[in-house]
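I opened this structure to get to know it, and I kept notes as I went. The entries below follow the order in which I looked things up.

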Amino acid sequence: NNWTEEACIGSVILGYSGDLLKAYPPFVNFFERTKTQINECDRQSARFHAFLKKCERRPECSRQTITELMIRPVQRLPSMSLLLNDLLKHTKKGNPEHKDILLLEQAIAKVKDVMTHLNEEKRRTEGQITIFDIYSEIENCPASVVSSQRRFVCRADCIEVAAEDILCGKGYELTLFLFTDILLVAKKKTGKMGGMLRS
């Protein structure tokens with residue numbers, strides 16, 4: 001309603017950049033889990049399935065499923081970046097002195113910052129989820145394994161070959177979990193990981 005010929009797209013994007021940083025990370029970080037949960041509820045509950053189908057028929061949904069609609073915000077930032085770059089290119093061609101050029105450049109930089117922040121947050125969240133999964137997988141695992149400063153590096157299954165009874169004894173199947181600051185050694189049990197032995 002307040003749009004005028006003097007309005008600058010760059011300033012509009014910059015005005016909302018703080019909101020983008022707050023809203024996007026939680027949405028993107030838990031997008032896959034949310035989608036999985038919705039699909040599970042859809043399969044298990046006839047009422048939920050009927051509700052979703054009813055919503056799909058609404059004109060504003062354009063016959064798209066909820067998961068198809070949910071991916072839209074995830075795709076929006078790269079599209080916005082492309083649009084702003086195109087706008088900058090054409091604005092420079094039309095009027096190299098246009099006042100929106102600097103604001104567009106700042107807006108492009110801010111959108112890139114948001115996307116970089118998103119990628120870092122997603123990696124960090126996935127790392128924490130992996131640590132929680134490992135903690136849950138190991139019987140009697142000490143709570144100190146879960147730490148916000150710790151990052152999971154890799155996992156390796158092996159067989160102990162030491163002649164002496166160093167960990168469990170020769171021939172035992174072990175799983176090693178390498179983190180940035182500790183090595184977690186767990187004895188394999190039939191069907192699941194055993195108790196933590198040494199870290």
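**Entry 1: around D42**

I began at D42 and listed what it touches, leaving aside neighbours within four places in sequence: F48, H49 and L52 are in contact with it. The model I am reading is a predicted one. I then looked up where D42 sits, and the place is helix α2, residues 31-44. Is D42 buried, partly exposed or exposed? I found D42 partly exposed, with a relative accessible area of 24%. With H49 there is also a polar contact, side chain to side chain, at 2.6 Å. I checked K53 as well: D42 and K53 are eleven residues apart in sequence, and their C-alpha atoms are 9.9 Å apart in space.

**Entry 2: the whole chain**

I stepped back to see the overall layout. I noted five helices and four strands in the protein. Read from the N terminus, the elements run α-α-α-α-α-β-β-β-β. The protein has 199 residues, and buried residues make up 28% of them. I also looked at contacts between residues at least 6 apart in sequence, and 48% of these join residues at least 24 apart.

**Entry 3: helix α4**

I followed α4 next. It has 29 residues and reaches 41 Å from its first C-alpha to its last, close to the 42 Å expected at 1.5 Å a residue. Where in α4 does a kink lie? I found it at Q75, with an angle of about 40°, shortly before the proline P78.

I wrote down the buried residues of α4: T67, M70, L77, M80, S81, L84, L88 and T91. What covers them includes α1, α2 and α5.

I picked T67 from helix α4 for a closer look. T67 has a relative accessible area of 18%, and it counts as buried because this value is under 20%. Not counting residues up to four places away in sequence, T67 touches F31, K35 and N39.

**Entry 4: the nonpolar cores**

I turned to the largest nonpolar core, which has 15 residues. Which of its members touch the most other members? I noted I13, Y24, L77, M80, L84 and V111. Two or more residues come from each of α1 (9-29), α4 (66-94) and α5 (100-137). The most come from α5, which gives seven residues.

I took I13 as an example from this core. Apart from neighbours within four places in sequence, I13 is in contact with M80, L84, A107 and V111. I then found a second, separate core of nine residues, including I138, V145, L184 and A186.

**Entry 5: salt bridges**

I counted the salt bridges and got eight. As a reminder to myself, side chains of opposite charge can pair when their charged atoms come close. I looked at three of the pairs in turn.

The first note is on R124, which forms a salt bridge with E121, with the closest N and O atoms 2.8 Å apart. How far apart in helix α5 are R124 and E121? They are three residues apart, so about one helical turn separates them. R124 is partly exposed, at a relative accessible area of 36%.

The next note is on K122 and E126, a salt bridge with its closest N and O atoms 2.7 Å apart. Both residues lie in helix α5, four residues apart, which is about one turn of the helix. Why would such spacings suit a pair? An α-helix has 3.6 residues a turn, so residues three or four places apart point the same way. I looked up accessibility for both partners: K122 is partly exposed at 26%, and E126 is partly exposed at 40%.

The last note is on R155 and E137, whose side chains meet in a salt bridge at 2.8 Å, N to O. This pair links distant parts of the chain, with R155 in strand β1 (residues 152-159) and E137 in helix α5, 18 residues apart. R155 counts as partly exposed at 39% relative accessibility, and E137 counts as partly exposed at 29%.

Methods: Residues numbered from 1 in each chain as written. Predicted model: local features only at pLDDT ≥ 70, side-chain atom pairs only at ≥ 80, totals over all residues. Heavy atoms only, no water. Core = buried A, V, L, I, M, F, W, Y, C linked by side-chain atoms within 4.5 Å. Buried < 20%, exposed > 50% of the residue type's maximum accessible area, 1.4 Å probe, protein only. Contact = heavy atoms within 4.5 Å. Salt bridge = Lys/Arg side-chain N within 4 Å of Asp/Glu carboxyl O. Polar contact = N/O pair within 3.5 Å; in protein donor to acceptor, adjacent residues only side chain to side chain. Expected span 1.5 Å × (residues − 1). Bend = angle between axes of the 7 residues up to and from the residue.
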